[in-house]
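Hi everyone, thanks for making time for this. I'd like to walk you through one structure, so please have a look at it as we go.

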Amino acid sequence: MKYQVMTPEYAMEVAAAILENRPMSAAIGAHLEARIEREFTRRWNTLWGGRSLLHGRDAGADAVRLNGNDYLHLTGHPDIIGAQTAHLRRDADFVIQSGVFLLDNHPSRQLERELAAWIGHEDGLLCQSGYNANLGLLQAIADPQTPVFIDSLAHTSLWEGARRAGAPTHPFRHNDPAHLAKLLGQLGPGLVVVDSVYSTTGAVCPLEAIVDVAEQGASMVLVDESHSLGTHGPTGAGLTRDLGLTGRVHFVTASLAKAFAGRAGFMSLPTAMRNYVLSTSYPNMFSSCLLPHEIAGLSATLNVIRDANSARAALHHNTRWLREALSAAGYPIHQGTEQIIALEAGTEPDTMVLRDELEARGVFGAVFCAPATSRNRAMVRLTLHAGLAQAELDHVASVARAIAAVVQPWKWPVARRARANQSKQE
């Protein structure tokens, strides 16, 4: 993999290309070329063997695809498609502008209020993505005088939001309220940041204990519900509402690209803070608003999700069934309990072998590696959804059993760590 660097010879080549009307890329700087070589090309050529770890085979029509985030299997739902297309047909008179300019009579404002009421909060804001919601909210509520106490497995967007705010950031051990309490005792009050369900492992946050500790430390709480909104709680309103914590959690964020199967993000906040956040959150200020047909689709999706108890039940059934089957086959998936299943092979070469073995037999997950995970904690993430048939679950389990002798999950680092921890406890 070689990049063009500006030299006299290359300058002559560019001049010739211009004269001959040939397309040509501009040369990159020598420093950038060295950085790409150091940070990526060596990894590509050595650990990845000259091919992408993230992109394997094309999934055929009969593949079992567990590499998406549509947990309730809503893509193509007629009510949602109908709402989108009806809006496209009847209303072509709208202005594309930053969300900060939208007035209270805009359809997005109604959806913001509906989403906030659904999860038990006073108000909220829509934005382009869950990433932007976390980045923009943290930028607005944290600063160099506000310590951020963040779970070590929290989503990258939360870490980036704290960094953008210039806040002192203190990670605490994953799902460890005692460690959080120790840090709060040492460093004083601030903002506690967690995911409700963690995006790489499917682990559930001990939210009640975390909130108790945060309150004892006089700290605010932000919960990212991207992987529990729609799938958990009454009418899918999330874990915070399910646990009766809405009056004790200050902010809830979510990507609406998961159970909502759309393209947006959401943050809850008090109405009194709304204009402040709109005036300080760069992702909201400098991004265009959602399109009207997207708002219509998300509004229809909210109605579908509220009534999707059978889909939620199917999702939880599929999760329990496949987790039990994989555990019985020797796969160390003890890190989580929910619809996200981490097959944590560890090294990137071992993860590529795992990916290839699965895909060769028609099972497609999503590869996660650094920076989405820690170094040497790469994985194939299997994401389950409500629409999986029993035959598809049977096939995944059968494939897992068939390739176990090749990928040897009992030798993965995560399995060795689990055995070591068990030995210490005994």
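Let's start with E348. Is E348 buried or exposed? Its relative accessibility is 9%, so it counts as buried, because the limit for that is under 20%. Keep in mind that we're looking at a predicted model, so these values are computed from predicted positions.

Now, which side chain does E348 meet in a salt bridge? The partner is R43, with 2.5 Å from N to O. If salt bridges are new to you: side chains of opposite charge can pair when their charged atoms come close. What I like here is where the two residues sit. E348 belongs to helix 14, residues 348-360, and R43 to helix 2, residues 30-45, so this pair ties together parts that are 305 residues apart in sequence.

Here is another pair to find on your screens. R263 and E294 also meet through their side chains in a salt bridge, at 2.8 Å from N to O. This one links distant parts of the chain too: R263 is in the loop between strand 7 (251-255) and strand 8 (265-269), while E294 is in helix 12 (residues 292-306), and the two are 31 residues apart. Look at how each partner is placed: R263 is partly exposed, at 41% relative accessibility, and E294 is buried, at 15%.

E357 has a salt bridge as well, with R361, and their closest N and O atoms are 2.8 Å apart. R361 counts as partly exposed, with 34% relative accessibility.

Some charged residues join up in a group. D104, R109, E112, R113, D123 and R274 form a network of salt bridges. And how many salt bridges does the count come to? The answer is 19.

Let's move on to a sheet. This one is open, has 3 strands in the order 9-12-11, and its pairing is antiparallel. Why is one side of strand 9 and of strand 11 left without a neighbour in the sheet? Strand 9 (340-346) and strand 11 (366-368) stand at the edges, and each has a single partner strand, so there is nothing in the sheet on the other side. From one strand to the next, the twist averages 30°.

Zoom in on strand 9 and strand 12, residues 378-383: they run antiparallel and are joined by 5 bridges. You can spot G346 standing opposite A378 of strand 12. Finally, helix 13, residues 309-328, packs on the sheet and touches strand 9 and strand 12. The direction of helix 13 makes about 25° with that of strand 9.

Thanks for listening!

Definitions and conventions:
Residues numbered from 1 in each chain as written. Predicted model: local features only at pLDDT ≥ 70, side-chain atom pairs only at ≥ 80, totals over all residues. Heavy atoms only, no water. Pairing = 2+ DSSP bridges. Helix = DSSP H or I, 4+ residues; strand = E, 2+ residues; numbered from the N terminus. Axes fitted to C-alpha atoms, helices over the stretch in contact; angles between N-to-C directions. Contact = heavy atoms within 4.5 Å. Salt bridge = Lys/Arg side-chain N within 4 Å of Asp/Glu carboxyl O. Buried < 20%, exposed > 50% of the residue type's maximum accessible area, 1.4 Å probe, protein only.
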